[in-house]
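Visitor: I'd like to know where the labels on a model like this come from. Could you walk me through a few?

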Amino acid sequence: MAEIGPIADKVTSYFYALLFVRHPELRALFPAAMDTQRDRLLKALLTAAEHVDNPPVLVAYLQNLGRGHRKFGTRPEHYPAVGECLIGALSKYATGIWDRETEAAWVRTYTTMSQVMIDAAATDQLRAPAWWHAEIVAHELRTADVAVLTVRPDQPYPFLAGQYASLETPWWPRVWRHYSFAAAPRSDGLLTFHVKAVPAGWVSNSLVHRARPGDVVRLGPAGGSMTVDHTRHDGLLCLGGGTGIAPIKAMVEDLANRGSRRPVEVFYGARTAHDLYDIDTLLRLQQSHPWLAVRAVVDQHAHLQLPDAIRGYGPWIECDAYLSGPPGMIRNGITALRAAGIPAHRIRHDSVEELLVAGD
């Protein structure tokens with residue numbers, strides 16, 4: 001991976017060229033425009049390589065990928081073709097270190113990884129559809145570029161507060177983006193998402209500026225591990241930046257629904273007060289639940305980063321911490337929380353690799 005990292009663009013371009021020339025029938029599984037899709041392959045590989053010596057983390061990551069790939073129409077027979085072209089691309093661009101032993105190691109690794117994904121998809125097929133159709137029943141523009149969408153799935157949709165769904169619009173077929181659930185599971189089955197339109201974001205701009213009640217989107221299965229462990233009784237420290245407040249609010253609602261009394265501190269960060277588009281909802285929750293404290297952090301000039309705001313409060317050593325927001329905020333947040341004395345195993349967030357393909 002170190003050998004091909006600096007030339008990742010060439011490797012991924014060559015991989016897809018091989019795949020579509022040798023196996024043209026697979027082109028239909030991919031979006032018409034490949035710019036974002038090209039980068040996702042290498043990010044997934046890097047994530048897998050990073051955790052290759054940590055089987056529980058790696059297997060969980062691959063199982064989630066395998067379940068998620070069902071929505072693309074991926075079948076077991078597609079995996080060998082992808083592996084053949086992946087190894088073809090690696091061998092072309094890692095010539096300095098590529099030999100028979102290296103190739104054999106990659107063949108073993110890819111075979112094992114793909115089998116985990118295939119098995120996870122087969123298990124998932126017995127209990128859930130590959131995707132759900134969901135009708136938009138409410139669309140509320142909170143700011144010029146943030147919308148709150150409520151959708152009704154066509155059949156029961158299982159998820160946990162703190163997780164996210166991949167979502168496809170009718171305007172960009174086969175282009176999927178991740179959005180966190182902004183509410184805890186409800187008895188009426190409705191789901192809520194917060195979507196921020198980002199520059200050149202196909203899906204996000206469609207959902208914010210084009211979608212209307214009555215439109216139908218598709219949902220992939222729920223993913224993500226940023227969920228509350230309800231067997232614990234420690235306090236929670238939650239940092240939500242921008243639309244990253246959505247899963248934080250869902251977790252707070254979940255705790256409230258369960259009658260929890262665990263102390264919860266929420267820091268809600270935004271560039272301006274106007275961007276605190278959901279602060280009223282959180283303040284209402286705070287009024288109803290004495291165990292909840294909500295603090296807004298407005299960072300108009302980017303002098304005070306959201307994670308730094310926790311320094312004036314605490315101590316946090318006995319807390320479980322949750323981070324949700326842009327990748328840069330997640331990285332800064334991990335550093336700040338570790339400095340505040342919270343051990344790494346008590347800091348929860350969705351993987352940065354997943355965040356990089358979220359929200360655009």
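Guide: Sure! Helices (H or I, at least four residues) and strands (E, at least two) are DSSP runs, numbered from the N terminus. This is a predicted model, where local features need pLDDT of at least 70 and side-chain atom pairs count only at pLDDT 80 or more, while totals for chains, interfaces and linings use all residues. Residues are numbered from 1 along each chain as its sequence is written, and side-chain values use heavy atoms, with hydrogens and water left out.

Visitor: What span is expected for helix α5, and what does it reach?

Guide: The expected span is 1.5 Å times one less than the number of residues. Helix α5 (residues 100-125) has 26 residues, and its 37 Å from first C-alpha to last is close to the expected 38 Å.

Visitor: Why is Trp 106 in α5 called buried?

Guide: Buried means under 20% relative accessible area, exposed over 50%, partly exposed in between (1.4 Å probe, protein chains only). Trp 106 is among the buried residues of α5, and so are Tyr 110 and Met 113.

Visitor: How do you know that β7 and β10 pair?

Guide: Two strands pair if DSSP finds at least two bridges between them. Strand β7 (residues 236-241) and strand β10 (residues 320-324) have five bridges, in the parallel sense, so they pair. Leu 236 stands opposite Asp 320 in β10.

Visitor: What makes β9 and β11 edge strands?

Guide: The open sheet runs β9-β8-β7-β10-β11, with parallel pairing. β9 (292-298) and β11 (347-348) each have a single partner strand, so one side of each is left without a neighbour in the sheet.
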